[in-house]
Amino acid sequence: MAEHQLYCFAQSGNAYRAALMLNLIGADWEPLWVDFFGKGEPRSPQYRTNVNEMGEVPVLVHQGKKLSQSAVILTYLAERSGKFRPESEDERLEALRWIIFDNQKVNGFLGPYRFLRCFAKPPGDPAFILGARPTIADLSLVAYLYYPAEEFGFDIAAQHKNIAVWLDRIKALPGWKHPYDLMPGHPLPG
Ligand SMILES: N[C@@H](CCC(=O)N[C@@H](CS)C(=O)NCC(=O)O)C(=O)O
């Protein structure tokens, strides 16, 4: 058995960060394939109990530790190996600043966007998020979804029919208003 194991699958950019680091530092490692697309394995109770309660890939196993979050894995491997390690306090903080920015605003958007565009199967579900009735989960998820498609450069509702009909169901609730009609400040002063 290799010294490091990485729970991963080829399509995951989040796992690629960790796999690339392992390879670049010359670690003795092996991948443990997670069936994300077929069985949705990361969300299974077994995976949450035995591998990662957050239900995510990647997870690094090393010397009895199980580490998740690619940022944590990168930090751990850099500290252990001394390679790709930011050295001074300023450098460490600067690296952390970029990694958080990346996780939230760069690949944090690109990953889900690519997943929805290429890999997600339409759910074919006529319900609301939790079931038969709308809840605050619906209200949270609609946050940006009624704004005009031109402001995004792509039309989520046109491309995803199930989202379109769900948005229409929320829209039909008494009291629903478009954000530009419900709150002041639109249009922006020219
Ligand atoms: N911030 C996490 C993101 C991990 C993540 O979102 N992983 C995806 C695969 S690329 C996942 O396991 N998703 C599980 C799911 O949605 O069921 C990291 O950097 O490790």
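This is a short tour of a predicted model, moving from a strand to a loop, then to the cysteines and the salt bridges.

**Strand β3 and its neighbours**

Begin by selecting residues 59-62, which make up strand β3, and look at both of its faces: V59 and V61 on one side are buried, as are L60 and H62 on the other. Now add residues 4-8, strand β1, which pairs with β3 in the antiparallel sense over four bridges; within this pairing, Q5 has V61 of β3 as its bridge partner. Next add residues 65-68, strand β4, which also runs antiparallel to β3 and is joined to it by four bridges. Here V61 appears again, with K66 of β4 as its bridge partner. Between β3 and β4 lie two residues, so look at the turn of this hairpin, where Q63 has a positive phi of about 45°.

**The loop around D35**

Move to D35, which sits in the loop between β2 (29-33) and α2 (45-50). D35 is buried and yet has no salt bridge, since the nearest side chain of opposite charge, that of K39, is 4.6 Å away, whereas the cut-off for a salt bridge is 4 Å. The side chain of D35 does, however, reach the backbone nitrogen of K39 at 3.4 Å. If residues up to four places away in sequence are set aside, D35 touches G40, E41 and P42.

**The cysteines**

Select C8 and C118 together. Why does C8 form no disulfide? The closest cysteine sulfur to that of C8 belongs to C118 and is 20 Å away, which is too far for a bond. C8 is itself buried, with a relative accessible area of 11%, and a search of the whole structure finds zero disulfides.

**The salt bridges**

Finish with the salt bridges, of which the structure holds three. For one of them, select D102 and R17, whose side chains meet with N and O 2.9 Å apart. Because D102 lies in helix α4 (residues 89-119) and R17 in helix α1 (residues 13-24), this pair ties together parts that are 85 residues apart in sequence; both D102 and R17 are buried.

Then stay in helix α4 and select E94 and R97, which lie three residues apart, about one turn of the helix, and whose side chains form a salt bridge at 3.1 Å, N to O. E94 counts as partly exposed, at 35% relative accessibility.

Last, select E87 and R85, which form a salt bridge with their closest N and O atoms 3.2 Å apart. E87 is partly exposed at 43% relative accessibility, and R85 is likewise partly exposed, at 35%.

Note on methods. Residues numbered from 1 in each chain as written. Predicted model: local features only at pLDDT ≥ 70, side-chain atom pairs only at ≥ 80, totals over all residues. Heavy atoms only, no water. Buried < 20%, exposed > 50% of the residue type's maximum accessible area, 1.4 Å probe, protein only. Pairing = 2+ DSSP bridges. Lys, Arg positive; Asp, Glu negative; His and termini not counted. Polar contact = N/O pair within 3.5 Å; in protein donor to acceptor, adjacent residues only side chain to side chain. Contact = heavy atoms within 4.5 Å. Disulfide = S-S within 2.5 Å.
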